[in-house]
Amino acid sequence: MQAKSEDSIVSQRLAGRLALVTGASAGIGRACALALAREGAEVIVTGRRKDRLDALAEAVPGHRAHFRVVPGDLADSSFVRRLIDAASAADILVNNAGILTYAPFLEIKPEECDAMFRVNVLAPMHLCQGVGAAMAARRRGHVIMITSLGARTVNRFGVAYAATKHALSAIAKGMRLELKAFGVRVTEIAPGMVDTGIRESSTHPDVVAAIEGRKFAPLRPDDVADAVIYATTADDNCSADLIELRPREA
Ligand SMILES: NC(=O)c1ccc[n+]([C@@H]2O[C@H](COP(=O)([O-])OP(=O)(O)OC[C@H]3O[C@@H](n4cnc5c(N)ncnc54)[C@H](OP(=O)(O)O)[C@@H]3O)[C@@H](O)[C@H]2O)c1
């Protein structure tokens, strides 16, 4: 499929909506932020690399107003609190930011495991509580959790990462149960391998060999963004609870 042009606003199905996308400086989050802006949403974009967020704001010429840049580190709980304040009016929350270190279970460092739990589980859980409370008060909102097929299975070298994604999936399911009475929809999007830089921090030789031995084409970030747009533009009465995306030959 052709890559999407970055310079067009294709339709306005989300005009008037405010979205927060975490991890918007790269990969899947960047694609989601652009897709939401193309649909007319105003998008709060966050990540640590402000220069990349600023560049994103220039990626849709003539439509800079669609982006609000709020840079920061999700491992820092005071930043998470500031982000909740900045996004208190958000209609859509895309919990996308995540990190991944693959390594044998007996060799992965405790600090690498801790970092994954902070960014992949604790930060999105706290964001869901803060932004979700504001959505529940307004009786309207949509939370998207980008989990992984690793939320369903566990692969060699991916124990800690899979544990974070299983946890995030449990949070999505539980939030849906408790918040549907308040008009808040929760969609879990669980992709298989996507072509991004997320594996660059996994340098263990066994992991590098396993990744290089892969025999299928990964998904594109736009494939995941398409699922976000499907879920957020679905009819009010339709809740897309779970979307699993698998590279066809995987
Ligand atoms: N790629 C895949 O194969 C795949 C498959 C299934 C699920 N996923 C999930 O999809 C999500 C996005 O992954 P990706 O592949 O797009 O990864 P990526 O290209 O590495 O992008 C990760 C994003 O998260 C942000 N981030 C990381 N640590 C952060 C921190 N401490 N504070 C704030 N932002 C932080 C990064 O921004 P800064 O570096 O600027 O902070 C970046 O924007 C993750 O949750 C991942 O687990 C990915």
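**Notebook: helices, sheet and ligand shell**

I began with two helices and found that the crossing of α1 and α7 is right-handed. I note here that the model is predicted.

I then looked up the geometry of this pair. The axes of α1 and α7 (residues 221–233) come within 8 Å and cross at roughly 45°. The two helices are therefore oblique to each other.

I listed the residues in contact. On the α1 side they are Gly 27, Ile 28, Arg 30, Ala 31, Cys 32 and Ala 35, and these meet Pro 221, Asp 222, Val 224, Ala 225, Val 228 and Ile 229 in α7. Sorted by class, this contact has 9 nonpolar, 1 polar and 2 charged residues.

I turned to the ligand next. I found 28 residues around the ligand, the closest being Gly 23, Gly 27, Arg 48, Gly 98 and Thr 196. Helix α1 (residues 27–38) gives the most to this shell, with 3 residues. By class, I read 14 nonpolar, 10 polar and 4 charged residues in the shell.

I traced the sheet last. Its 7 strands form an open sheet with parallel pairing, in the order β3-β2-β1-β4-β5-β6-β7. At the edges stand β3 (67–69) and β7 (242–245), each with a single partner strand, so one side of each has no neighbour in the sheet. From one strand to the next, the twist averages 15°.

I checked one pair within the sheet. Strands β5 (residues 141–146) and β6 (residues 184–191) run parallel and are joined by 6 bridges. His 142 has Arg 185 in β6 as its bridge partner. I also saw that helix α5 (residues 159–179) packs on the sheet and touches β5 and β6. The direction of α5 makes about 160° with that of β6.

Notes: Residues numbered from 1 in each chain as written. Predicted model: local features only at pLDDT ≥ 70, side-chain atom pairs only at ≥ 80, totals over all residues. Near = placed C-beta within 6 Å. Helix = DSSP H or I, 4+ residues; strand = E, 2+ residues; numbered from the N terminus. Nonpolar A, V, L, I, M, F, W, Y, C, P; charged D, E, K, R; others polar. Pairing = 2+ DSSP bridges. Axes fitted to C-alpha atoms, helices over the stretch in contact; angles between N-to-C directions. Contact = placed C-beta atoms within 7 Å. Parallel < 35°, antiparallel > 145°, perpendicular 65-115°, else oblique. Left-handed = near helix turned anticlockwise from the far one by under 90°.
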